[in-house]
Amino acid sequence: MNADLTRLIRLQQLETAADEARRTIADHPARTQALDARLQAARDAVADVKAKLAAASDKRRAEEKEVAGVQTRLAKYKDQLLEVKTNREYTAMLHEIETAQNDIRTREDRILEIMMESDELTAGVRKSEAELKTAEQEVAAGRAVLETEKAGLEAAIERTTAEREKLVSDIDRHVLAIFETTAKGRKGVAVAEARDGLCTICHVRLRPQVFNEVRKNESIIQCDSCRRILYFAGSAEASAPVSQL
Ligand SMILES: [Zn+2]
């Protein structure tokens, strides 16, 4: 194979790998944000259920205070019942007593409901706290993965730099210019495999005489359509020459 073509194929591999590594690194802030959001959601869930539990406790205390007030009134009515003079006063006092007793019953029922609700909320606090703990562990693990990945990718990019520089200095200047111009116009991909008579990147069919030249891998040939530098790596019918249509 043409030595420059071999170098270009390797150069393209290095550049593609480095681009991919850089893109992955560039995605890291978004992935970190997603981890942060997950943690925040778990914290919010704990705060939310705790606030509900506190509100239920407040409601219960308020009802208990009301009950105590009504009970004081009820005791007073019962004392007054002994001192009433007329039947009418007696009936009216009984009515007051009954109303107060009903009020107490209603409020005690409500307190029971609140207590049951509080039990559920207490279980909810425990559950959301356990979920928060899991989220904290998973987010910490996720961050560690990202950091390790980033360090690995940066090291890989760093490692390829020397090889890349050596390749670039060895490639014919004219050939390198073709590579660089094409790479700039084609999102960094300047080398394409030709297979079964097609450019495998732009999928345009090559003229048979062009493909036959490419199959030899002896010279720098660009795709007529996308201008990428073509090489031949072999195919199922690698040994058979393409028929000249
Ligand atoms: Zn092409």
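The sheet in this predicted model is open and is built from four strands, in the order β2-β1-β4-β3, with mixed pairing. At its edges are β2, residues 198–199, and β3, residues 221–222, each of which pairs on one side only.

Let me turn to one pair of strands. Strand β1, residues 191–195, pairs with β2 in the antiparallel sense, and two bridges join them. Within that pairing, Arg195 has Leu198 of β2 as its bridge partner. As a general matter, strands of a sheet pair through backbone hydrogen bonds, either parallel or antiparallel.

Next, the helices. Which strands does α1 lie across? They are β1 and β4, the latter spanning residues 229–232, and α1 runs at about 105° to β4.

Helix α1, residues 3–81, also packs against helix α3, residues 173–185; the angle is about 35° and the axes are 11 Å apart. The crossing of these two helices is right-handed. On the α1 side, the contact is made by Asp4, Leu8, Leu11, Gln12 and Glu15, and on the α3 side by Val175, Leu176 and Phe179. By character, the residues of this contact comprise five nonpolar, one polar and two charged.

Finally, a word on confidence. The protein chain has an average pLDDT of 94, and 96% of the residues score at least 70. Where does pLDDT stay under 50? That stretch is residues 236–245, for which the model has 16 contacts beyond four places in sequence. Where pLDDT is low, the predicted coordinates should not be read in detail. I would therefore treat those contacts with the caution that low pLDDT calls for.

Methods: Residues are numbered from 1 along each chain as its sequence is written. This is a predicted model: local features need pLDDT of at least 70, side-chain atom pairs count only at pLDDT 80 or more; totals for chains, interfaces and linings use all residues. Side-chain values use heavy atoms; hydrogens and water are left out. pLDDT is the predictor's confidence in each residue, from 0 to 100. Contact means heavy atoms within 4.5 Å. Axes are lines fitted to C-alpha atoms, for helices over the stretch in contact, and angles run from 0 to 180 degrees between N-to-C directions. A crossing is left-handed if the near helix is turned anticlockwise from the far one by less than a right angle, and right-handed if clockwise. Ala, Val, Leu, Ile, Met, Phe, Trp, Tyr, Cys and Pro count as nonpolar, Asp, Glu, Lys and Arg as charged, and the others, Gly among them, as polar. Two strands pair if DSSP finds at least two bridges between them.
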